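Student: I've got a model open and I'd like to learn how to read it. Can we go through a few features together?

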Amino acid sequence: MRAADDQRLALPGFINAHSHAFQRALRGRVERRSADHVDDDFWSWRTTMYHDAERLGVDDVEALAAWAYADMVRAGFVAVGEFHYLHHDVNAGPLPQPRLSLAHAAAARRVGIKLVLLECAYLRGGFERPLVHAQRRFVFDDARAFLAHVDRVRAAVPAGTHVGVAVHSVRAVPRDAIVEVAAYARREDLVLHVHACEQAREVDECRSEHGMTPVALLEVCGALGPRTTLVHATCADADDVRRIAATGTAVCVTPSTERNLGDGLGPFGALFAAGVPVCVGTDSHARIDAADELRSLEEHERLRVRRRNVLVRPGAALHEAVLPAGTSAGRRSLGLVDDAGDRVVVRMPVEGRADAAAARDAWIVGGSSSDVLDVDVGGVAVVRNGELVRAPRAAIEDAAVDVLRRLQRP
Ligand SMILES: [Zn+2]
């Protein structure tokens, strides 16, 4: 039954600017302390992620992407940036078509979410590190081979699927290749995303290889600018933030994933104060919830500086500070100019019935994806009363369960 108008709160469509859809399979499987690790951290989590990455066939990837994207539209996300690096077949051989890219496009179409495929360059295991087995599915021989792949993807994707490029990280892509990928993005007017400064080890290794931080390296490679989004920037220092702001570069943070992985608290306050466009993503999908990502921007910074309303301008309210991160900054990051017909309606928080001015803040602080009632993407109904319109959710979840059962076999 449709909720009465005073019990419905209209919001703009949310943008999920950073996703690895296949990592949806990890939720609940990486919360057990492993017997052979004294300390679990990002790198031990990555071992399980690589276990999955070695095994997933094209149909499995499509099943997991449909599951993740179904959760996203039911959480009010109208568009997703898929940072895609699982390029080759399970035996690491080339696929005749970019079938794994197309699997994401097919999953997005089933559910009705707008997709921006961020085709990701991954060229080596790391600075003086050999490739580990799972990484054989990610790598191209060089930047030319990677960019030829991007050309194939751009020619093959269905209408309505956008394509951008990504550099996995400064550890996975050598300096000359970063220059080439950045030049391609500029020439072709495509967005460029890069994981940067997520881990202290990555910064240390970059300093020893290049004598500078990842952000400084990206700047000398011509990879910063208004078309570029750095993902995480958790370990960015004051000088890095200055470079990011001065070049008009955006930053995508993923608070629920950064918290789940124990990455640390990013410099959210410094980024906001410098006027950097900050957007959000659900990344590893430990949680898929727009309200949670947005309130976490403010709440993580409160924990760090032990103050309240720290990202909020004097006289302004929380939603004015953080809603742009979930909407306009996300669109800019993904190169999406048009939000016509994108619409989200959530259940009105009870507080909002007493004071309409408090409704958005009450939802951001206390709301969740389970409040989402209706979602339209480009004028098309994709969610009504919290349920998918275009595809049966039970079938999507049953297919994902089959994949999970196979992944759990040793
Ligand atoms: Zn990521």
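Student: Which residue in strand 9 is the bridge partner of V251?

Tutor: Keep in mind that this is a predicted model. To read a pairing, you look for the bridges that link two strands. Here V278 is the bridge partner of V251, and strand 8 (residues 250-253) pairs with strand 9 in the parallel sense over 3 bridges.

Student: In what order do the strands lie in the sheet?

Tutor: You follow the pairings across from one strand to the next. In this case 8 strands make an open sheet, ordered 2-3-4-5-6-7-8-9, with parallel pairing. Strand 2 and strand 9 (278-280) are the edges, each pairing on one side only. From one strand to the next, the twist averages 25 degrees.

Student: Which strands does helix 12 touch?

Tutor: Helix 12 (residues 318-326) packs on the sheet and touches strand 2 and strand 9, its direction making about 65 degrees with that of strand 9.

Student: What are the protein donors of the zinc ion?

Tutor: For a metal, you list the donor atoms and then ask where their residues sit. The zinc ion has H18, H20 and H195 as its protein donors, each through NE2, at 2.1 to 2.2 Å. H18 is in strand 2 (residues 14-19) and H195 in strand 6 (residues 192-196), so this pair ties together parts 177 residues apart in sequence. Both H18 and H195 are buried.

Student: Is E205 buried or exposed?

Tutor: The cut-off for buried is under 20% relative accessible area. E205 has 14% relative accessibility, so E205 counts as buried. Its place is in helix 6 (residues 200-210), and its side chain makes a polar contact with that of R129 (2.3 Å).

How values were computed. Residues numbered from 1 in each chain as written. Predicted model: local features only at pLDDT ≥ 70, side-chain atom pairs only at ≥ 80, totals over all residues. Heavy atoms only, no water. Helix = DSSP H or I, 4+ residues; strand = E, 2+ residues; numbered from the N terminus. Buried < 20%, exposed > 50% of the residue type's maximum accessible area, 1.4 Å probe, protein only. Polar contact = N/O pair within 3.5 Å; in protein donor to acceptor, adjacent residues only side chain to side chain. Donors = N, O, S within 2.8 Å, 3.2 Å for Na, K, Ca; no water. Pairing = 2+ DSSP bridges. Axes fitted to C-alpha atoms, helices over the stretch in contact; angles between N-to-C directions. Contact = heavy atoms within 4.5 Å.
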